[in-house]
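Q: I'm new to reading protein structures, and I'd like a close look at a single part of this one. Could you walk me through the part around its aromatic pair, step by step?

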Amino acid sequence: MTALIALKDEGRRARVTARWLQRWLEANDDATIGEVVLAATALQALGGRHHQPALSTLRALAAQVRRGSRAD
């Protein structure tokens, strides 16, 4: 839903992407600063020229949390 809002509603994008990051951090207690920067950068790229790679990155980060593991 975040990706769709980023594409369709510029006015809501900042609020929705910030909420995604907050929820991801709450679910990922052991997130590194590098992972946080990666997630924030991918969220910033949603709706723009690099939308699809950003979306793939966010999906991978979310999947790692669901699996309870990280690829180090």
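A: Here is a walk from the whole chain down to that pair and its surroundings.

Please keep in mind that this is a predicted model. Let's start with the overall layout. The chain has four helices and zero strands, so there is a simple pattern to follow along the sequence, α-α-α-α. Its C-alpha trace spans about 30 × 20 × 20 Å along the principal axes. For 72 residues, a compact globule would have a radius of gyration near 11 Å, and the 12 Å of this chain agrees with that. Of those 72 residues, 33% count as buried. If you look at contacts between residues at least 6 apart in sequence, 41% of them join residues at least 24 apart.

Now for the pair itself. A search of the whole structure finds one aromatic pair. The two partners are W20 and W24, with ring centres 6.2 Å apart and ring planes at 10° to each other, so the pair is stacked. The cut-off behind that word is simple: planes under 30 degrees apart count as stacked. Where do these two residues sit in the sequence? Both belong to helix α2, which covers residues 10-27, and because they are four residues apart there, about one helical turn separates them.

Are W20 and W24 buried or exposed? Both are buried. For W24 we can put a number on it: the relative accessibility is 5%, and buried means under 20%.

What does W24 touch, once neighbours within four places in sequence are left aside? Its contacts are A31, E35, V36, A39, L61, A62 and V65. Let's follow two of these, A31 and A62.

A31 is found in the loop between α2 and α3, where α3 covers 33-45. With a relative accessible area of 23%, A31 is partly exposed, although its contact W24 is buried. Sequence and space can be set side by side here too: A31 and L7 are 24 residues apart in sequence and 27 Å apart in space, C-alpha to C-alpha. For W24 and T2, the separation is 22 residues in sequence and 12 Å in space, again C-alpha to C-alpha.

A62 takes us to another helix, α4, which covers residues 51-67. A62 is buried, because its relative accessible area is 18% and the cut-off is under 20%. Not counting residues up to four places away in sequence, A62 touches W20 and W24, the two partners of the stacked pair. So here a residue of α4 meets two residues of α2. Within its own helix, A62 has Q52 ten residues away in sequence and 15 Å away in space, C-alpha to C-alpha.

Before we finish, let's visit one more residue of helix α2, namely R13. R13 is buried, with a relative accessible area of 16%. Leaving aside neighbours within four places in sequence, R13 is in contact with I5, A6, Q44, L46 and G47.

To put the picture back together, helix α2 holds W20 and W24, about one helical turn apart, with their rings stacked. Both are buried, and both are touched by A62 from helix α4. The loop between α2 and α3 supplies A31, which is one of the contacts of W24.

Notes: Residues numbered from 1 in each chain as written. Predicted model: local features only at pLDDT ≥ 70, side-chain atom pairs only at ≥ 80, totals over all residues. Heavy atoms only, no water. Rg over C-alpha atoms; globule rule 2.2 N^0.38 Å. Buried < 20%, exposed > 50% of the residue type's maximum accessible area, 1.4 Å probe, protein only. Contact = heavy atoms within 4.5 Å. Phe/Tyr/Trp six-rings, centres within 6.5 Å; stacked < 30°, edge-to-face > 60°.
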